[in-house]
Amino acid sequence: MIPAPRFTDSVADLPTHKFGPSSLTWWGIIGFMVIEGAAFGLAFAAYFFLMGHEQGWPPEGRQAPDVLAGTLFTILILLSEIPNTMIKKAAEKRDVPAIRMLMPLLVAIGAVLLVIRGFEFNSLNCRWTDDAYSSIIWALLLLHTTHILTDWVDTIVLWLLMRTNLGWDGRRLVDTDENCLYWRYVWLLWLPIYLMIYWVPRL
Amino acid sequence: MNEPPEVREEDERLAKEREKLARDGPQLKGAKLEARLERTWHRPPGILGWLATVDHKEIGRRYIVTALLFLAAGGFLALLMRLQLARPDSNLISAQRYNELFTMHGSTMMFLFAVPVMEGVAVYIIPLMLGTRSTAFPRLNAFSYYMYLFGGLLLWGAFALNIAPDIGWFAYTPLSGPQFSPGKRADIWAQMITFTEISALAAAVVLVCTILKTRAPGMTLARMPLFAWAMLVVAVMIIFSMPAVALASSMLISDRLVGTQFYNSWEHGDALLWQHLFWFFGHPEVYIIFLPATGFVSVIVETFCRRPVFAYPVVVLALVSTGILAFGLWVHHMFATGLPRVGYSFYTAASMTVAIPTALQIFCWLATMWDGRPRLQVPMLYVIGFIITFVIGGLTGVIIASVPLDLQLHDTYFIVAHFHYVLIGGAVFPLLGILTYWYPKITGRMMSDTLGKIGFWTIFLGFQLTFFPMHLSGLLGMPRRVYTYPAGLGLELPNLLSTIGAFVVASSVVLFVINGLVSLYRGAIAPANPWGATSLEWATSSPPPVYNFAHVPVVESRTPLWDIAGELPVVTGLRVDEKEILLTTVVAATPDLREPVPAASLWPFITSIAVAIFFIASIFSPWAVVFGAIPSAIAIIAWFWPKEMKREPEPVIT
Amino acid sequence: MSSRFRASLLILGVAATALAACNREERHSRAKPIGETVPTGQSPDTIFPGSTTAQPLDARASLYDNNAPALSEGQFLYTRMNCVGCHSHGGGGMGVALMDDEWRYGGRLDQIAASIAEGRPNGMPAWRAKLTDDQIWKLAAYVRSLSGQPSKDVVNSRADAMSATSPATLTPREPVRSSDSAQQ
Amino acid sequence: MSRRTRAAAVALLFTGACSIQHYQSTFSDAAVEVRQFNILFVIFLVICAIMYLAVIAFLVAGLVRRRRRLANVMEDGRHHESDPLLRTALIGWGVVVGTGLVGLAIASFIADRSMANAAASEKLSITLTANQWWWDVRYNSADSSKTLRTANELHLPVGVPVRIILNSNDVIHSFWVPSLAGKQDLIPGRQNDISITPTKIGIYRGQCAEYCGAQHAHMALVVNVDSYADFLKWWRHQLQPAPPPATPLALAGYNFVTGRNCSACHAIAGTPASGTVGPDLTHLASRRTIAAGTMPMGKGNLYGWVADPQSLKPGSKMPTIALEPDELHAVVAYLETLK
């Protein structure tokens with residue numbers, strides 16, 4: 001009843017991992033990026049929707065956030081792309097020692113970023129309960145902080161992994177490569193948020 | 001390269017080992033191969049193994065059964081509501097309880113039945129249809145089921161504890177906000193949303209990756225079964241629409257728990273923000289439920305008309321364009337909110353445009369029947385019932401797309417009639433048809449034909465009796481969501497008819513369940529391909545072995561099993577000592593990678609427990625967000641920590 | 001009630017949740033039997049600031065003090081009966097502050113109810129004639145919640161109005177001074 | 001036209017649907033707006049019916065047609081062929097559906113425009129404020145002595161375009177009088193309006209059409225469309241303050257209502273009772289219903305409502321007041337004088 005097999009060719013010599021769109025996890029990560037992108041996009045839409053029927057933005061009686069902490073954060077997260085790219089390249093070149101050397105740097109940067117983020121919450125000049133404006137900028141900042149946090153933890157875990165001999169496993173190198181991809185996404189997301197929180201209210 | 005010597009030696013040793021690795025092929029086939037694969041793929045025994053399974057067939061079965069249970073529960077609530085509405089000024093059910101009933105009914109049907117059941121069917125059948133051994137990310141798949149289950153239990157547990165939400169499935173602010181919904185009812189609703197929407201998103205990612213990357217060699221996008229196309233579109237729609245309701249409900253719950261002001265119009269917020277976000281999700285949601293059903297219809301029509309669906313490219317384009325247009329319609333749920341009228345005309349046009357692809361699809365099915373040789377077996381009967389019923393719903397949809405008409409009909413029983421014609425006629429009928437159709441593949445036995453036919457006619461006629469009169473109740477001025485109505489408005493007769501019809505429908509559902517259960521033990525043993533169908537799920541035994549296919553099949557046309565001369569072309573060379581599937585390229589489906597499949601694991605289950613505690617606790621204290629996140633994070637890390645402490649023997653190819 | 005709830009929570013979570021569900025979410029829309037009244041133990045002339053009375057807590061308090069719908073109806077009355085006029089949103093003004101820890105005439109639910117019903121010196125009018133006992137109890141429950149007394153899961157974070165105070169779900173529970181030991 | 005429209009609508013969809021009272025039904029021609037609705041509705045109905053019949057005809061034909069010995073099916077090995085005629089038919093079908101929809105869209109757009117234009121010329125302005133679960137009605141007038149407040153009942157002069165301004169005090173409600181016009185939401189923090197030009201004297205019933213909480217089902221309002229003369233008569237009468245109590249029983253009631261609980265929430269013009277939480281009671285007895293259409297006005301229902309509103313309309317903001325029997329008699333006796 002089940003049709004008999006007619007053997008064509010063999011896939012025995014195929015590899016078990018490649019970088020980029022061939023990798024299954026690459027598609028998974030893209031999927032989750034799109035999900036988060038959609039969520040952020042809608043949050044942005046909500047921000048401009050609320051801004052849309054206001055005379056002043058921020059609403060009168062409120063002052064816009066102080067830009068210092070946010071700007072520091074932006075500069076640092078942009079700089080973090082340098083070690084990030086180096087790690088990505090190293091992963092593709094299977095240069096494990098370089099990865100082992102660079103990853104702690106990325107982890108450290110992440111830690112500093114989180115500290116600065118703390119100061120950012122302090123420099124918003126409002127509490128989330130004050131009004132819808134305050135609520136939405138708190139929400140944006142919080143949403144992005146969760147992304148920093150999750151990718152930071154992920155980076156730490158990968159770092160520990162790379163320090164073992166497992167680091168030489170091609171599949172782990174693909175993971176590293178894709179973690180770098182995700183970090184890029186995280187700082188790309190930040191740029192519009194930075195503008196919306198710190199500069200749109202100053203227009 | 002620059003690895004240290006011990007690593008290089010290790011690699012060479014592994015490379016030698018690789019030569020000895022067991023692969024399927026001419027030298028290893030038949031019973032011997034099946035025994036080896038059985039050993040490799042079977043999950044650990046016992047209750048723990050049951051919780052740890054990552055087999056898409058087991059998970060799919062659980063999805064389907066759970067969803068059908070919620071369907072029964074939601075339907076039971078509908079019966080209670082119909083009893084209350086059978087007579088005017090009835091005091092059978094109190095206002096508060098009735099409001100809980102329709103909230104539970106709507107939320108259950110939309111979030112706990114309609115979407116999950118479609119995902120469940122897809123999770124079960126798609127890998128078989130595509131000729132692969134597993135879904136992508138099987139652990140994520142398991143996780144998504146558990147999240148869904150816990151979300152459902154949360155909602156119904158609350159109902160049992162008399163804290164059911166009473167804000168409608170749409171939860172409009174400010175009624176659902178802190179001031180007008182005191183207590184926890186609304187928070188429970190919002191967290192149920194969080195559960196189901198995480199589950200749906202996870203399932204969507206699994207399906208997209210499965211459909212794009214694990215198709216059998218030769219199954220180009222242009223040869224992909226229409227059901228796979230439908231699910232691909234649906235999964236992408238879920239990915240774009242679900243975040244909207246996630247965002248909206250998070251804003252709602254933070255308004256309620258920590259006093260944010262998103263929906264407070266006195267503090268620069270806006271009650272309509274909720275409606276925009278909710279319907280940006282809520283309208284695509286309807287198509288997320290309907291498009292899989294069109295996939296079912298295509299499958300059934302193809303098999304029972306004995307020819308491929310007419311104008312395949314048109315159907316595919318129709319699916320895609322529906323998926324895109326669905327995101328441009330949400331405002332037609334808000335015509336009465338007083339937004340600028342000119343904008344409304346645009347949404348009228350858009351809402352009408354979306355009728356065109358659907359009309360074309362319907363034509364293609366009818367053309368297939370015309371051109372083919374229809375066999376009127378039970379699944380085909382459901383397709384005919386689908387067309388007769390759904391088209392009415394589609395046309396009333398055109399009617400309410402018009403602003404002046406909608407301003408009268410909006411939020412009346414006319415709408416209730418409309419969307420039940422669309423959702424029951426358009427989704428549940430094909431679902432019942434496809435369950436009858438795939439039942440032998442899933443269980444290995446056929447469903448009773450006579451019971452099936454009786455069941456079809458009772459549900460078809462009962463449905464018309466229930467919902468056709470609702471058009472009339474609406475036009476006679478009966479608004480939705482009222483727990484009673486006064487005598488003398490002419491509403492008595494239509495409501496009584498609806499109530500009677502509801503019980504007819506219920507009885508036929510019971511009949512379907514009985515048929516399903518009896519056939520499980522008494523049904524005729526099903527051969528591998530009882531319907532003489534053409535897609536790959538019929539190329540393996542019924543029920544399929546845990547590894548789906550002994551060899552990975554190769555596809556050479558759009559109708560593989562109809563075009564092979566006796567022998568099914570296959571590729572060989574996958575490992576049999578490790579779980580492995582074949583990845584192919586996205587468009588041309590040429591073999592690309594051998595992907596190791598993760599073993600069964602308890603971590604997805606443990607993670608879902610941690611996350612469930614996290615979410616439910618956060619209803620009662622915002623601090624739970626902080627404390628709950630930690631165990632969840634630990635569980636997730638444990639889940640993703642690579643289990644194989646021995647390294648993969650292949651070189652990297654960049 | 002709330003203490004009993006917590007105790008039983010430790011013992012048997014599910015049962016407790018059920019209990020909580022029934023009592024905390026139930027709407028007592030049907031008013032109390034005819035003839036029942038707000039406690040009149042302390043009429044204005046026998047009250048002087050700082051007095052404490054060692055009477056047991058009125059049994060009916062448990063119907064209101066941790067009941068979400070009761071609190072929100074109290075909130076409705078608080079604004080619509082214009083308590084805001086004197087007491088503002090609890091911060092006080094012409095009238096005393098209600099969100100601090102000081103209770104001149106007792107911070108216990110039945111004592112607050114008595115204060116509302118009977119009125120107090122220096123301008124607090126008596127509401128007995130204007131509001132039903134049920135309404136007075138609900139109003140008292142809301143007033144008591146202004147200083148964070150009830151458990152956090154029955155209070156509203158905010159009203160749909162100008163935000164005057166920080167969310168009730170986040171207000172710390174004030175200790176109750178110059179009240180009596182029956183306070184939970 | 002619209003009578004035929006209605007007939008046609010009924011004949012087409014639900015035979016015999018019109019054999020009953022229509023004071024809350026869209027099958028009506030009591031206003032310009034609803035008439036336009038009916039015309040448009042029938043146009044849509046006809047075109048949709050034609051499309052539906054086409055589909056069903058094709059379905060039946062496809063199932064019953066007699067087939068050539070060799071069909072384009074798998075058994076005959078021709079399943080990759082298909083009837084060339086069908087391709088042209090597909091295109092034809094696409095064109096037909098497309099044009100049909102375009103036509104409907106245009107018809108809808110025209111109707112929408114003309115309604116908007118009708119709205120332009122407004123003579124009478126009313127402010128309707130929704131509350132859980134009753135309607136607060138205010139007739140606006142430049143002269144403040146002429147603005148009048150009532151509840152749960154609208155009186156409109158026939159033939160006069162009226163603009164109703166819609167607000168809400170709490171949650172979202174929706175104003176809907178099916179026999180006169182479509183609905184419009186009342187949204188807290190926003191202001192909507194709707195224009196109606198009644199063309200037929202009569203009594204119509206409207207109902208809140210957006211779920212607004214426990215008693216959503218009991219939030220109706222009555223619309224009286226009167227001749228202009230009758231409307232003015234009603235108007236002048238409503239501007240009068242409440243008459244002083246005549247009988248001693250009514251006096252007792254007056255004292256209770258103005259001195260006790262009632263006055264905390266209700267206002268009665270010409271008396272100390274000036275609460276704004278509940279409906280204005282000045283001419284309560286002249287209205288057709290009690291508690292926003294929950295029950296018809298009458299002595300018995302008044303007794304029931306005053307004695308125990310919470311079991312008649314559970315959750316309503318009107319508390320059950322522990323009245324002694326004599327108080328109850330007195331209160332009802334007084335309320336009955338508020339004609």
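This briefing covers confidence, chain contacts, helix packing and backbone geometry in a predicted model. Residues are numbered from 1 along each chain as its sequence is written, while chains are lettered from A and ligands numbered from 1 in the order in which they are written. Because the model is predicted, local features need pLDDT of at least 70 and side-chain atom pairs count only at pLDDT 80 or more, whereas totals for chains, interfaces and linings use all residues.

**Confidence**

- Chain A has an average pLDDT (the predictor's confidence in each residue, from 0 to 100) of 93, and 100% of its residues score at least 70.
- Within chain A, the lowest confidence is in strand 1 (residues 4-10), with a mean of 90, and the highest is in helix 2, at 96; helices (H or I, at least four residues) and strands (E, at least two) are DSSP runs, numbered from the N terminus.
- For chain C the mean pLDDT is 73, with 68% of the residues reaching 70 or more.
- In chain C, pLDDT stays under 50 over residues 1-18, for which the model has 17 contacts beyond four places in sequence, two residues being in contact if their C-beta atoms, placed from the backbone, lie within 7 Å.
- Residues 179-184 of chain C also have pLDDT under 50 throughout, and for this stretch the model has 18 contacts beyond four places in sequence.

**Contacts between chains**

- Of the 5 pairs of chains in contact, chains B and D share the most contacts, with 72 residues of chain B in contact with 76 residues of chain D.
- On the side of chain B that touches chain D, at least two residues each come from several helices, including helix 5 (95-130), helix 11 (341-353) and helix 13 (378-401), and the largest share, 11 residues, comes from helix 12 of chain B.
- By class, that side of chain B has 46 nonpolar, 19 polar and 7 charged residues, where Ala, Val, Leu, Ile, Met, Phe, Trp, Tyr, Cys and Pro count as nonpolar, Asp, Glu, Lys and Arg as charged, and the others, Gly among them, as polar.
- Chain D also meets chain C, with 13 residues of chain D in contact with 15 residues of chain C; helix 6 (261-265) and helix 8 (309-312) of chain D each supply at least two residues of the chain D side, which divides into 7 nonpolar, 5 polar and 1 charged.
- Chain A and chain D do not touch, and their nearest C-alpha atoms are 11 Å apart.

**Helix packing in chain B**

- Helix 9 (residues 271-304) and helix 12 (residues 355-371) of chain B have axes that come within 10 Å and cross at roughly 15°; axes are lines fitted to C-alpha atoms, for helices over the stretch in contact, and angles run from 0 to 180 degrees between N-to-C directions.
- Helix 9 and helix 12 of chain B are therefore roughly parallel to each other, a description that applies to angles under 35 degrees, with those over 145 counted as roughly antiparallel, 65 to 115 as roughly perpendicular and the rest as oblique.
- The crossing of helix 9 past helix 12 of chain B is left-handed, meaning that the near helix is turned anticlockwise from the far one by less than a right angle, and a clockwise turn would make it right-handed.
- In this pair, Thr294(B), Val297(B) and Val301(B) of helix 9 meet Gln361(B), Trp365(B), Thr368(B) and Met369(B) of helix 12, giving a contact with 4 nonpolar, 3 polar and no charged residues.
- Helix 4 (residues 56-85) and helix 6 (residues 138-160) of chain B likewise have axes within 10 Å that cross at roughly 15°, and they are therefore roughly parallel to each other.
- Helix 4 passes helix 6 of chain B in a left-handed crossing, and the residues of their contact divide into 9 nonpolar, 4 polar and 1 charged.
- Helix 16 (residues 449-475) of chain B has 27 residues and should span 39 Å at 1.5 Å a residue, which agrees with end C-alpha atoms 40 Å apart; the expected span is 1.5 Å times one less than the number of residues.

**Backbone geometry**

- Most residues other than glycine have a negative phi, and most peptide bonds are trans.
- Trp57(A) and Pro58(A) are joined by a cis peptide bond with omega of about 5°, and Pro58(A) is in the loop between helix 1 (24-52) and helix 2 (67-79) of chain A.
- Another cis peptide bond joins Thr173(B) and Pro174(B), with omega of about 0°; Pro174(B) lies in the loop between helix 6 and helix 7 (185-213) of chain B.
- Arg306(B), although not a glycine, has a positive phi of about 60°, and is placed in the loop between helix 9 and helix 10 (312-325) of chain B.
- Gly477(B), just after helix 16 of chain B, takes a positive phi of about 95°.
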